[in-house]
Amino acid sequence: MPETIEEKCLLKGVKLTDQRKIIAQVMSQSSDHPDVDELYNRVSKIDSKISIATVYRTVKLFEESGILAKHEFKGGKARYEELNEGHHDHLIDVKSGEIIEFVDEEIEKLQKKVAEKYGYKLVDHKLELYGIKKNPNIWNKKFLSKHSVVKWMSMTQTEYMIL
Ligand SMILES: [Zn+2]
């Protein structure tokens, strides 16, 4: 199975120019479902001559070639990820836009059960959860990169010491 977007393009006969190659490489390294603006920020750090229009066109080409998946999450810009065989659902942080990927066997089973109840065989599904972090300061990635958090359990609750 091809590993990178570049390899997938080769396999599918999608022509890669130097600029498209950079976009493919950056997208392969992005696991956070970037939108086009964010992708443009990243590629322009490597090659400042790449225009946002090129990023748009390339992403669209990759999407049409079945290499990227486009997600239209509620209240935001279209975001992209590599289209892989593995299925997962998304939990979207409505404040930061951060996306958590998850698979929950119980939910998977339940969805099949619902379809069957109505006389259907489930062939696909899309589940999006939208949430707000209960304790944004502690689990924020940017915060964690700057601080060390020491966790310990007391008799009554879990506590955190921030250094
Ligand atoms: Zn995803």
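**Close-up views of a zinc-binding protein model**

**View 1. The zinc site is irregular in geometry, with angles of 53 to 164° among its 6 donor atoms.** In this scheme, four donors count as tetrahedral if all angles lie between 85 and 135 degrees, while four count as square planar and six as octahedral if opposite donors are over 155 degrees apart and all others between 65 and 115; anything else is irregular. The structure is a predicted model, in which local features need pLDDT of at least 70 and side-chain atom pairs count only at pLDDT 80 or more, while totals for chains, interfaces and linings use all residues. Residues are numbered from 1 along each chain as its sequence is written, and side-chain values use heavy atoms, with hydrogens and water left out.

**View 2. Here are the residues that hold the zinc ion.** Which residues coordinate the zinc ion? Look for His33 (NE2), His88 (NE2), His90 (NE2), Glu101 (OE) and Glu81, whose OE is listed twice, at 2.0 to 2.5 Å. Donors are N, O and S atoms within 2.8 Å of the metal (3.2 Å for Na, K and Ca), and water is not among the atoms, so sites may look incomplete. If you are following along in the sequence, the donor residues are spaced H-x47-E-x6-H-x1-H-x10-E. Two of these donors link distant parts of the chain: His90 sits in strand 3 (residues 89-93) and Glu101 in strand 4 (residues 99-102), 11 residues apart. His90 counts as buried, at 4% relative accessibility, whereas Glu101 is partly exposed, with a relative accessible area of 39%. Buried means under 20% relative accessible area, exposed over 50%, and partly exposed in between (1.4 Å probe, protein chains only).

**View 3. Stepping back, the protein is built from 7 helices and 7 strands.** Helices (H or I, at least four residues) and strands (E, at least two) are DSSP runs, numbered from the N terminus. Tracing the chain from the N terminus, you meet the elements in the order α-α-α-α-β-β-β-β-α-β-α-α-β-β. Of the 163 residues, 27% are buried. The accessible surface comes to about 11,700 Å², and carbon and sulfur atoms account for 54% of that area; the areas come from the Shrake-Rupley method with a 1.4 Å probe, and for residues only the protein chains shown count as cover. Among contacts (heavy atoms within 4.5 Å) between residues at least 6 apart in sequence, 42% join residues at least 24 apart.

**View 4. Ile5, Val55 and Phe62 touch the most other members of the largest nonpolar core, which has 19 residues.** Helix 1 (5-12), helix 2 (18-28), helix 3 and helix 4 are the elements that give two or more residues to this core. Helix 2 supplies the largest share, 5 residues. A nonpolar core is a set of buried Ala, Val, Leu, Ile, Met, Phe, Trp, Tyr and Cys residues joined through side-chain atoms within 4.5 Å. In soluble globular proteins, nonpolar side chains tend to be buried together. What does Phe62 touch, not counting residues up to four places away in sequence? Its partners are Ile5, Cys9, Val14, Leu16, Arg20, Ile23, Ala24, Ile67 and Leu68.

**View 5. Two helices carry salt bridges between side chains about one turn apart.** In helix 3 (residues 36-46), Glu38 and Arg42 lie 4 residues apart, and their side chains meet in a salt bridge (2.9 Å, N to O). Glu38 is partly exposed at 29% relative accessibility, and Arg42 is partly exposed at 21%. Asp32 joins Glu38 and Arg42 in a network of salt bridges. In helix 4 (residues 52-64), Lys60 and Glu64 are 4 residues apart, with a salt bridge at 3.1 Å, N to O. Glu64 is exposed, at 59%, while Lys60 counts as partly exposed at 49%. A salt bridge is a side-chain nitrogen of Lys or Arg within 4 Å of a carboxyl oxygen of Asp or Glu, and a search of the whole structure finds 10 of them.

**View 6. Glu98 forms a salt bridge with Lys133, the closest N and O atoms being 3.1 Å apart.** This pair links distant parts of the chain, 35 residues apart: Glu98 is in the loop between strand 3 and strand 4, and Lys133 is in the loop between strand 5 (128-131) and helix 6 (136-139). Glu98 is partly exposed, with a relative accessible area of 25%, and Lys133 is partly exposed at 24%.

**View 7. Lys74 sits in the loop between strand 1 (68-71) and strand 2 (79-82).** Is Lys74 buried or exposed? Lys74 counts as exposed, at 62% relative accessibility. The C-alpha atoms of Lys74 and Ile92 are separated by 9.2 Å, with the two residues 18 apart along the chain.
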